[in-house]
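Student: Please take one helix of this model and look at it closely, then work outward to the parts around it. I would like one connected account.

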Amino acid sequence: MRIRIVDAFTDRPFAGNPAGVLLLDASTSFPDDTWLQHVALEVNHAETAFAHPLPKGGDANWALRWFTPAAEVAMCGHATLATAHVLATTGAARGPVRFATRSGVLVATALEDGSITMDFPTAPLTAVENLPGVAEALGAEPLTTYDTGPNIGDLLVELADEKTVLGLAPDLVALGRHSERGIIATARAEDPSRGYDFVSRCFFPNIGIDEDPVTGSAHTALASFWSERLGRAELTGLQASARSGRVRTELRGDRTFLSGRAVTVIEGDLLA
């Protein structure tokens with residue numbers, strides 16, 4: 001079968017967040033979980049997406065799952081964007097694609113300008129106080145902290161400013177003790193004229209990812225958090241990893257629209 005590496009949330013190769021994408025034959029089920037995990041480990045990117053078409057007439061027309069090199073996850077934005085990009089550019093699907101996932105039906109729509117907009121559930125935010133050890137593990141004092149709910153499983157930590165976020169060098173072992181998946185560190189943009197409203201970095205040691213380059217799922221929490229503070233439904237976030245990438249967000253109540261571009265950089269045959 002064909003396997004592709006796609007850089008998501010970027011319009012150029014070697015930036016954004018790379019994901020493996022495998023389009024499987026029509027089936028009522030996925031291959032064995034052990035095989036899926038082995039492939040994800042072999043690809044060795046933050047996520048590998050596996051998708052297969054579903055029979056007509058249901059709530060969704062493709063089934064979709066995501067695996068890191070270490071575990072399956074309940075939601076992944078950049079690998080969903082990468083999968084939608086492959087479906088659109090290969091002609092495997094036209095119009096909005098409805099993915100059946102562990103997080104419900106997620107819709108991705110390829111637009112005429114080449115970007116893709118995804119409809120995801122908004123992460124519920126619950127304020128959390130008195131978390132001993134978080135500041136020490138992160139290397140910075142939180143202003144506020146929030147639990148992001150079961151779909152994401154992160155702790156969202158607001159920091160003083162953009163420079164603090166950019167300068168983080170956390171203790172990843174200690175950081176992993178404070179949430180199910182990891183930590184989203186964020187701050188208001190120092191200069192919004194640069195084209196983004198807030199900045200973030202994401203550390204996920206519990207699923208084998210020290211720092212994720214660009215995390216779509218995290219923006220379902222970041223959109224809600226910053227829309228309330230900045231008073232606007234439509235925002236742009238910069239995830240300031242070494243590869244970097246931008247995510248356009250639009251908060252619509254219990255749904256968050258995430259938009260970005262993607263580029264296929266490798267295509268080949270999986271022989272195993």
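Tutor: Helix H6, residues 219-230, is largely enclosed by the rest of the structure, because nine of its 12 residues are buried. The model is a predicted one. The buried residues of H6 are His219, Thr220, Ala221, Leu222, Ala223, Ser224, Phe225, Trp226 and Ser227. After H6 comes Gly231, which has a positive phi, near 75 degrees.

On the other side of H6 in sequence are residues that line a cavity. The structure has one cavity of 30 Å³ or more, and the volume of the largest cavity is about 50 Å³. Its lining includes Val214, Thr215, Gly216 and Ser217. Glu47, Cys76, Gly77, His78 and Arg181 also line the largest cavity, as do Phe204, Ile209 and Asp212. Helix H2 (77-90) and strand S14 are the elements that give two or more residues to this lining.

S14 leads to a hairpin. Strand S13 (residues 198-204) pairs with S14 (residues 209-212) in the antiparallel sense, over two bridges. Cys202 has Asp212 in S14 as its bridge partner, and Asp212 is also one of the residues lining the largest cavity. Four residues lie between the two strands of the hairpin, and Gly208 has a positive phi near 85 degrees.

Helix H1 (residues 33-43) can be set beside H6. The buried residues of H1 are Leu36, Gln37, Val39, Ala40 and Val43. These residues lie on the same side of H1, because they cover an arc of only 160 degrees around the axis. Exposed residues His38 and Glu42 sit on the face of H1 turned away from its buried side. Among the elements that cover the buried residues of H1 are strands S1 (2-8), S2 (17-23), S3 (47-53), S4 (62-67) and S5 (72-73).

Both ends of H1 have a local feature. At its start, a side-chain oxygen of Asp32 comes within 2.8 Å of the backbone nitrogen of Thr34. At the other end, H1 is followed by Asn44, with a positive phi near 60 degrees.

Strand S3, which helps to cover H1, contains Ala51. Ala51 counts as buried because its relative accessibility is 0%. Leaving out residues up to four places away in sequence, Ala51 touches Leu22, Leu23, Leu24, Phe30, Trp62, Ala63, Leu64 and Thr83. For Ala51 and Leu22, the C-alpha to C-alpha distance is 6.4 Å, with their positions 29 residues apart in sequence counted as separation.

There remains the largest pocket, which holds about 220 Å³ of space. Its lining has 13 residues, and Val128, Glu129, Asn130, Pro142 and Thr145 lie nearest its centre. The elements giving two or more residues to the lining of this pocket are helix H3 (134-138) and strand S10 (144-147). S10 supplies the largest share, three residues.

To return to the starting point, H6 has nine of its 12 residues buried, and Gly231 follows the helix.

Technical notes: Residues numbered from 1 in each chain as written. Predicted model: local features only at pLDDT ≥ 70, side-chain atom pairs only at ≥ 80, totals over all residues. Heavy atoms only, no water. Pairing = 2+ DSSP bridges. Buried < 20%, exposed > 50% of the residue type's maximum accessible area, 1.4 Å probe, protein only. Arc of directions from axis to C-beta. Contact = heavy atoms within 4.5 Å. Polar contact = N/O pair within 3.5 Å; in protein donor to acceptor, adjacent residues only side chain to side chain. 1 Å grid on protein atoms, 1.4 Å probe; cavity = no way out; pocket = protein on both sides within 12 Å on 5 of 7 lines; lining within 4 Å. Points joined across faces, edges and corners; volume = space filled by probe spheres on them.
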